[in-house]
Amino acid sequence: MISVNYYDPELGGWQQQQVSRLPVNARHTPPLWLDLQQASAAEEQQLLQDLGIAATMAEDFSKSRHPPKFEAVGDFNLLILRAYADADFSELTESAQLNLLFCHDILITKLHCRQQPLCSQQQPQLAKPSANQISDWVKQLTLIVAASYLEKLLVFEDELGELEDRMLHKGNDELMTMMMRYRSVLRKVSRNLAYQKDLFADALFEEQHSLLRRFALADLRDFYEKFERLHSMTEMYYDQLSDLVQGYLSTTSHQINERMKVLTMVSSIFIPLTFVAGIYGMNFSNMPELELEWGYYLTLGFMLAVGLGSLIWFKHLKWW
């Protein structure tokens, strides 16, 4: 069903009506907010057809997965935004996609998200109608989308500080796995924010952009600055996680090198000793050294000298 919100001057307040199709002669005073959250595909297509929405715009509006974009055809403008739906950045299960179709007196919204609390948040505040009511609603929804990222990023900033302290004191593979998941989510979030930042950047720097007819320049600059700041924060946190990952890998590599150094010293000492022991352990009868009275002690002394000499050489190389 289509939810129609309209202001009734006689009753002096907002009224809501559930319909499957807008009656031709219905007394709906603009501005109208049409919520298609519970509408079927047939009802949605019929409404867009009745309002004369361009086919390409109607197709993009109906898609549940579409990159953020802005398009203007005739009197209607299409704005697709991506909010952040998950509780934190440990995983990205879905994005809350908000599709807005609006002109000077009608706003059509549809939120593609299965999380009910977020659905209730992505609704404009109904206030006494004004000349810029539709623009005010779109502005409210845009700020709600930006806030869905900001709240999570501010919380993640504290989590990142704690994660950094834990990695410095006692890093392990479990923390490494957690950081890799965070990096993956932040990269996807950064891509969504980059789309939305560029969307409002185009509106700011193009002289004849359609959004300039709907919003004040200060509002567009505010939208751009918010998404640009969110994008910068996301990139900064991603870089911090990358530094932690590289630091952990470098520390692990250094620890492995230290262990290999110890094993190399031990091997360098005992390999020649094993060689000497192997020769005199062959027990050939014609081995002259076996008949020497001091042969055993001379061999032990030689082996001791080789071991001490190796240690002195490693000390000279500052291996220990």
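Glu91 sits in the loop that joins S5 and S6, in what is a predicted model. With a relative accessible area of 49%, Glu91 counts as partly exposed, because the exposed class only begins over 50%. Setting aside residues up to four places away in sequence, Glu91 touches Tyr84, Asp86 and Val185.

Leu92 is found in that loop between S5 and S6 too. Leu92 is partly exposed, at a relative accessible area of 24%, so it misses the buried class, which is under 20%. Neighbours within four places aside, Leu92 makes contact with Tyr84, Asp86, Val185 and Lys188.

Over to the loop between H2 and S4, where Ser64 has its place. Ser64 is partly exposed at 45% relative accessibility, and beyond its sequence neighbours up to four places away it touches Gln97 and His112.

His66 belongs to the loop between helix H2 (55-62) and strand S4 (69-73). Is His66 buried or exposed? The relative accessible area of His66 is 13%, so it is buried. Once neighbours within four places in sequence are left out, the contacts of His66 are Asp60, Ile80, Arg82 and Gln97.

Here are some C-alpha to C-alpha separations for the partly exposed loop residues.

| Pair | Apart in sequence | Apart in space |
|---|---|---|
| Glu91 and Phe314 | 223 residues | 49 Å |
| Leu92 and Glu228 | 136 residues | 21 Å |
| Ser64 and Lys110 | 46 residues | 9.3 Å |

Now for H2 itself. Which residues of H2 are buried? They are Met57, Ala58, Asp60 and Phe61. These four cover an arc of only 165° around the axis, so they end up on the same side of H2. That fits a general point: an α-helix has 3.6 residues a turn, so residues three or four places apart point the same way. As for partners, the buried residues of H2 pack against helix H1 (41-50), and also against S4, S5, S6 and S7.

Next, the nonpolar interior. In soluble globular proteins, nonpolar side chains tend to be buried together. The largest nonpolar core here has 54 residues, and Phe89, Leu107, Leu211 and Leu241 have the most contacts inside it. Two or more residues of this core come from each of strand S5 (76-84), strand S6 (95-102), strand S7 (106-112), helix H4 (133-170), helix H5 (173-205) and helix H6 (217-280). There is also a second, separate core of 21 residues, with Leu32, Leu47, Ile53 and Met57 among them. Met57 is one of the buried H2 residues as well.

Leu241 gives a good look at the packing around one residue of the largest core. Which residues does Leu241 touch, not counting those up to four places away in sequence? They are Phe156, Leu160, Leu163, Met179, Tyr182, Arg183 and Leu186.

Last up is the empty space. Rolling a probe the size of a water molecule over the atoms shows where such space is left. The largest pocket holds about 230 Å³. It is lined by 13 residues, and the closest to its centre are Arg65, Arg82, Ser95, Arg191 and Asn192. Arg82 has already come up as a contact of His66. Which element gives the most to the lining of the largest pocket? That is H5, with four residues. How does the lining split by class? Four residues are nonpolar, four are polar and five are charged.

Key. Residues numbered from 1 in each chain as written. Predicted model: local features only at pLDDT ≥ 70, side-chain atom pairs only at ≥ 80, totals over all residues. Heavy atoms only, no water. Core = buried A, V, L, I, M, F, W, Y, C linked by side-chain atoms within 4.5 Å. Buried < 20%, exposed > 50% of the residue type's maximum accessible area, 1.4 Å probe, protein only. Contact = heavy atoms within 4.5 Å. 1 Å grid on protein atoms, 1.4 Å probe; cavity = no way out; pocket = protein on both sides within 12 Å on 5 of 7 lines; lining within 4 Å. Points joined across faces, edges and corners; volume = space filled by probe spheres on them. Nonpolar A, V, L, I, M, F, W, Y, C, P; charged D, E, K, R; others polar. Arc of directions from axis to C-beta.
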